[in-house]
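Open the model in your viewer and keep the sequence panel in sight. This tour moves from one selection to the next.

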Amino acid sequence: MTRPKVAFLQEKIMELKQALFFDLSGAVLKLPTSLTNVLHVDEVGQVWFFISRPSQHVNEFSKSFLSRLDFYKKGKSFYLHLLGKASIINDPEEINNVIGLSDPDKQEAVNRMILVKLEIEDIYYYPVRTAL
């Protein structure tokens with residue numbers, strides 16, 4: 001992704017901030033669909049966010065899988081769908097090396113939530129048309 005596209009994407013994602021997360025893998029055990037808030041969009045356009053920790057142990061899930069984030073916010077002039085490869089980041093050392101993640105967020109990732117990184121493969125940007 002080129003720098004102007006990344007900057008545009010960062011701006012639009014952080015403007016909407018909240019998305020529905022979908023695990024699109026073919027696995028029998030999938031992460032549940034959940035509402036999430038984006039923590040950070042890095043300089044290469046990867047989207048970082050938390051999802052709630054399910055009752056199963058994290059290691060029972062695929063570490064990488066196809067997923068989708070659907071962004072929509074009432075009153076905004078656009079909505080956004082992102083498709084790509086999601087990766088569960090659960091190694092404490094790897095979490096501590098994530099640039100752009102605050103120390104409290106790093107603690108949250110280790111103790112209570114699941115940190116997910118989405119490497120974007122497809123972007124769908126939809127302007128909202130208003131009735132005249």
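**Stop 1: the salt bridges**

This is a predicted model, and it holds five salt bridges. Side chains of opposite charge can pair when their charged atoms come close. Three of the pairs are worth a visit.

Select Lys 12, Glu 15 and Lys 76. Salt bridges link these residues in a network. Start with Glu 15 and Lys 12. Their closest N and O atoms are 3.9 Å apart. Now show helix H1, residues 3–16. Glu 15 and Lys 12 are three residues apart in this helix, so about one helical turn separates them. Color by accessibility next. Lys 12 is buried, because its relative accessible area of 13% is under the 20% cut-off. Glu 15 is partly exposed, at 27% relative accessibility.

Stay on Glu 15 and turn to Lys 76. The side chains of Glu 15 and Lys 76 form a salt bridge too, at 3.4 Å from N to O. What does this pair tie together? Glu 15 is in helix H1 and Lys 76 is in the loop between S4 and S5, so the salt bridge connects parts that are 61 residues apart in sequence. Lys 76 is partly exposed, with a relative accessibility of 28%.

Now jump to Glu 108 and Arg 112. They form another salt bridge, with 2.5 Å between the closest N and O atoms. Is Arg 112 buried or exposed? Arg 112 is exposed, at 53% relative accessible area. Its partner Glu 108 is partly exposed, at 23%.

**Stop 2: the hairpin of S4 and S5**

Go back to the loop that holds Lys 76. Select strand S4, residues 64–71, together with S5. The two strands run antiparallel and are joined by eight bridges. Six residues lie between them in the hairpin. Pick Gly 75 in this hairpin: Gly 75 takes a positive phi near 90°.

**Stop 3: strand S5 and Ser 87**

Select S5 alone, residues 78–89. Show the surface of everything else. Why is S5 largely enclosed by the rest of the structure? Nine of its 12 residues are buried.

Zoom in on Ser 87, which sits in strand S5. Ser 87 is buried, at 8% relative accessible area. Where is Ser 64? Ser 64 stands opposite Ser 87. The side chains of Ser 87 and Ser 64 also make a polar contact, at 3.2 Å. Now show what surrounds Ser 87. Neighbours within four places in sequence aside, Ser 87 is in contact with Lys 63, Ser 64, Leu 115, Val 116, Lys 117 and Glu 119.

**Stop 4: strand S6 and a surface patch**

Add S6 to the view. S5 and S6 run antiparallel, joined by 12 bridges. Find Leu 80: its bridge partner in S6 is Tyr 125. Strand S6 covers residues 113–127. Tyr 125 is partly exposed, with a relative accessible area of 34%.

Switch on the surface and select Phe 8, Ile 123 and Tyr 125. These three residues form a nonpolar patch there, with about 260 Å² of accessible area together.

**Stop 5: helix H3 and Asp 105**

Select helix H3, residues 103–111. Within this helix, pick Asp 105. Asp 105 is partly exposed, at 24% relative accessible area. Which residues does Asp 105 touch, leaving aside its neighbours within four places in sequence? They are Leu 39 and Phe 50. Draw a C-alpha to C-alpha distance from Asp 105 to Leu 39. It reads 8.5 Å, for two residues 66 apart in sequence.

**Stop 6: the loop between S1 and S2**

Finish at Leu 29. This residue is in the loop between strand S1 (18–23) and strand S2 (34–41). Leu 29 is partly exposed, with 28% relative accessibility. Beyond its neighbours within four places in sequence, Leu 29 is in contact with Gln 56, Glu 60 and Phe 61. Draw one last line, from Leu 29 to Phe 61. Their C-alpha atoms are separated by 6.4 Å, although the residues are 32 apart along the chain.

Definitions and conventions:
Residues numbered from 1 in each chain as written. Predicted model: local features only at pLDDT ≥ 70, side-chain atom pairs only at ≥ 80, totals over all residues. Heavy atoms only, no water. Patch = residues over 30% accessible without salt bridge, like charges linked within 9 Å, V, L, I, M, F, W, Y side chains within 5 Å. Areas by Shrake-Rupley, 256 points an atom, 1.4 Å probe, with all protein chains shown as cover. Salt bridge = Lys/Arg side-chain N within 4 Å of Asp/Glu carboxyl O. Helix = DSSP H or I, 4+ residues; strand = E, 2+ residues; numbered from the N terminus. Buried < 20%, exposed > 50% of the residue type's maximum accessible area, 1.4 Å probe, protein only. Pairing = 2+ DSSP bridges. Polar contact = N/O pair within 3.5 Å; in protein donor to acceptor, adjacent residues only side chain to side chain. Contact = heavy atoms within 4.5 Å.
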